[in-house]
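These are my notes on the model, set out as numbered points. Please read them with the sequence and the coordinates open beside you.

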Amino acid sequence: MMRILILHHTLNSCGGGERVALHVIKALMENGHDVELGTVEKTDWNKVYRLMGVKLPKVPKERFLLREIKKFGIYQRSLTALHVAKFKKGFDLTINTHGDVMPLPVDITYLHFPVFALLAEEPWKYYVKYLKSAFWRLYFEPYHIMQKYLARWMFSRSLLLTNSKFSKKVIKKYVGCESMVVYPPVEIEDYLQVSKNLDRENAVITISRFTPEKHVHLVPYIAKALPDVKFYVIGSVRGFQSKNYYQKVFKEVKEANLKNVSLIPNAPHEIKLKLLGKCKVFLHLMPFEHFGISVVEGMASGCVPVVHKSGGQWIDIVEEGKYGIGYDKLSPNEMASAIKKALHEWSPEKVNSLTTKANVFSAERFKERIIQVVNAYVS
């Protein structure tokens, strides 16, 4: 048994990175290790358990710096280095699951994506919110500089894990370090049950946050081109910007009198599963996604994925067309053509191949890989 310190600035965000952190903790606890958590903000465990649906064998002992912090989210991540400075000698292993560069090295880092690389290449610069206004540029620039100039030195002193072959390639190019792909955990069991429903509509489902970079506003235009196809959009709406964006999309649907589009904000898990079981196609609208957990959920449910030909969703999940359909541009007409092709391809045999592929990304596979990595590292 080892004493292991997991470093994650906050679990209260309840996003993909937090899901990885929880599953790392769970895997190590279930393997008999004594696991503690180092955060900046104290964890609201009731909220985390309710929204994430990941239950740990027990709540880990937590070392936190503040009770609550709402601002400067990306800068919080560097503050977890204070735990390394104070406690590292008391642990056999330190693991950074938020993935950003810290001023002090740790043993293992799960690097989701090198943040400074977001501004480095033209194809994906267009989709980065930190370039959308002078405010965001001013907020992001000090962080960008710190990450860029510390990355190579710090990450060369840590075993790097990452979420996809796409991210691995970017890390090699911009950080100059090798990394090991450990796919994020997806709780696919409920979705696999839904896949057994073979009585489906000619329908398309999208699951995404209602935020501009997710391009949900394109759905009404795609739906106009496919009036005989039903479109369901499930998305979380949280915060002022998200609410405004949702209202914008809702207004477009209403003004165009689109009877074939349903927007379902903040849908419960049961509604999400029910709709996935009614649809034949899963539409993903975000180019250059580092991985794409929602695509795996759709695939596990038996929906044929339609994704942009970029990022982890195309390279790792769909395998460049083997398990879904790709489109090149954010063009409603091109997306509509891809959807028609996916509807034509849907069959019980296709569903079987999709669910088999989805098993590669299961939470159980993630647990096995993390234990293998940790055991290999310490030996």
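1. I begin with one pair of residues: Leu-5 stands opposite Thr-94 in E4. The two strands concerned, E1 (residues 3–7) and E4, run parallel and are joined by four bridges; strands here are DSSP runs of E with at least two residues, helices are runs of H or I with at least four, and both are numbered from the N terminus. Two strands are said to pair if DSSP finds at least two bridges between them.

2. A word on the basis of these remarks: the model is predicted, so that local features need pLDDT of at least 70 and side-chain atom pairs count only at pLDDT 80 or more, whereas totals for chains, interfaces and linings use all residues. Residues are numbered from 1 along each chain as its sequence is written, and side-chain values use heavy atoms, with hydrogens and water left out.

3. For the chain as a whole, 16 helices and 13 strands are assigned, and 57% of the 379 residues count as buried, a term that stands for under 20% relative accessible area, with exposed meaning over 50% and partly exposed what lies in between (1.4 Å probe, protein chains only). Among contacts with a separation of 6 or more, 72% involve residues 24 or more positions apart, a contact being heavy atoms within 4.5 Å.

4. Returning to strand E4 (residues 93–96), both of its faces are covered, since Leu-93 and Ile-95 on one side and Thr-94 and Asn-96 on the other are all buried. E4 is also joined by two bridges to strand E5 (residues 108–110), and these two strands run parallel; within that pairing, Ile-95 stands opposite Ile-108.

5. Which residues does Thr-109 contact, leaving aside its neighbours within four places in sequence? Thr-109, which lies in strand E5, is in contact with Asn-96, Gly-99, Phe-155, Ser-158, Leu-159, Leu-160 and Leu-161. Its relative accessibility is 2%, and Thr-109 therefore counts as buried.

6. Ile-25 belongs to helix H1 (residues 16–30) and is buried, with a relative accessible area of 0%. Not counting residues up to four places away in sequence, Ile-25 touches Ile-6, Val-35, Leu-37, Leu-56 and Pro-60. The C-alpha atoms of Ile-25 and Lys-367 are 9.7 Å apart in space, although 342 residues separate them in sequence.

7. The packing of H1 against helix H16 (residues 363–378) deserves its own paragraph. Their axes come within 9 Å and cross at roughly 65°; axes are lines fitted to C-alpha atoms, for helices over the stretch in contact, and angles run from 0 to 180 degrees between N-to-C directions. H1 and H16 are therefore roughly perpendicular, on a scale where under 35 degrees is roughly parallel, over 145 roughly antiparallel, 65 to 115 roughly perpendicular and the rest oblique. The crossing of H1 and H16 is right-handed, that is, the near helix is turned clockwise from the far one by less than a right angle, anticlockwise being left-handed. On the H1 side the contact includes Val-20, His-23 and Val-24, and on the H16 side Phe-366, Lys-367 and Ile-370 are among the residues involved.

8. A second sheet-like arrangement should be described separately: six strands form an open sheet in the order E10-E9-E8-E11-E12-E13, with parallel pairing. The edge strands, E10 (261–265) and E13 (325–327), each pair on one side only, and the twist averages 20° from one strand to the next. Strand E9 (residues 230–235) pairs with E10 in the parallel sense over five bridges, and Val-233 stands opposite Leu-263 in E10. Helix H11 (residues 269–276) lies across strand E8 (203–207), E9, E10 and strand E11 (281–283), and runs at about 145° to E8.

9. Within this sheet, E11 and E12 run parallel and are joined by three bridges, with Phe-282 opposite Pro-305 in E12. Five of the five residues of strand E12 (residues 304–308) are buried, so E12 is largely enclosed by the rest of the structure.

10. Lastly, is Gly-292 buried or exposed? Gly-292 sits in the loop between E11 and helix H12 (293–300) and, at 8% relative accessibility, counts as buried. Its C-alpha atom is separated by 9.2 Å from that of Trp-314, 22 residues apart along the chain.
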